[in-house]
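Hi everyone, thanks for coming. Let's walk through a structure together, and please stop me whenever you like.

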Amino acid sequence: MDMRDRVSAALKDAMRAKEADRLSTLRLINAAIKDKDIAARGTGDDEGGVSNEGILAIMGRMVKQRQESARAYEEGGRLELAEKELSEIKIIEEFLPKQLNKDEAEAAVDAAIAEVGAESIRDMGKVMAALKAKYTGRMDFGKAGPMVKDRLG
């Protein structure tokens, strides 16, 4: 079952169960996917809509946005809003594959460097492209970048 079908099925289940918070989060996911479909249509890349990898990337960005919002709300003393953001993160993460832990991420970086044959910092883009091709939705590329830089620099 592809991501689009999983989100749709979860949306229907949330409607039947009358889970308002879950339903609103799933609708946000659906809207983000449809926005990306529409944007792709405008450029002529509409071969059936956004791929599963694209949907994973969208959800990864949604999680990151909510983490930043929750942090800002906590700093501002708005704990009820921070908790709402954190509950949305949990719902979105149900659809994301298991995240790589630190050791797995380091092993993935080492493997990508070896695969690409990277020797200097100039090859960082190639390594990051290889990582994104294999680990979209499973790796935080904001943390992977410095790891790659340390190994190549």
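Here is a question to start: leaving aside its neighbours within four places in sequence, which residues is aspartate 37 in contact with? Keep in mind as we look that this is a predicted model. Have you found them? The residues are Arg4, Gly49 and Val50. Aspartate 37 itself sits in helix α2. Its relative accessible area is 13%, and under 20% counts as buried, so aspartate 37 is buried.

Now please look at isoleucine 55. Again setting aside neighbours within four places in sequence, isoleucine 55 is in contact with Met3, Arg4, Ile33 and Val50. So you will meet Arg4 and Val50 on both lists.

Isoleucine 55 also brings us to the largest nonpolar core, which has 21 residues. Ile55 is one of those with the most contacts inside that core, and Met3, Leu26 and Phe95 are also among them. Which helices supply at least two residues each? They are α1, α2, α3, which covers 52-75, and α4, which covers 79-93. The largest share, six residues, comes from α3. Apart from this core lies another one, of 19 residues, including Ala108, Ala118, Ala144 and Met147.

One last stop: lysine 18. You will find lysine 18 in the loop between α1 (3-17) and α2 (20-43). Is lysine 18 buried or exposed? Lysine 18 counts as exposed, because its relative accessibility is 72% and the cut-off is over 50%. Its backbone deserves a look too. Most residues other than glycine have a negative phi. Lysine 18, although not a glycine, has a positive phi of about 55°.

That's my tour, so over to you for questions!

Definitions and conventions: Residues numbered from 1 in each chain as written. Predicted model: local features only at pLDDT ≥ 70, side-chain atom pairs only at ≥ 80, totals over all residues. Heavy atoms only, no water. Helix = DSSP H or I, 4+ residues; strand = E, 2+ residues; numbered from the N terminus. Buried < 20%, exposed > 50% of the residue type's maximum accessible area, 1.4 Å probe, protein only. Core = buried A, V, L, I, M, F, W, Y, C linked by side-chain atoms within 4.5 Å. Contact = heavy atoms within 4.5 Å.
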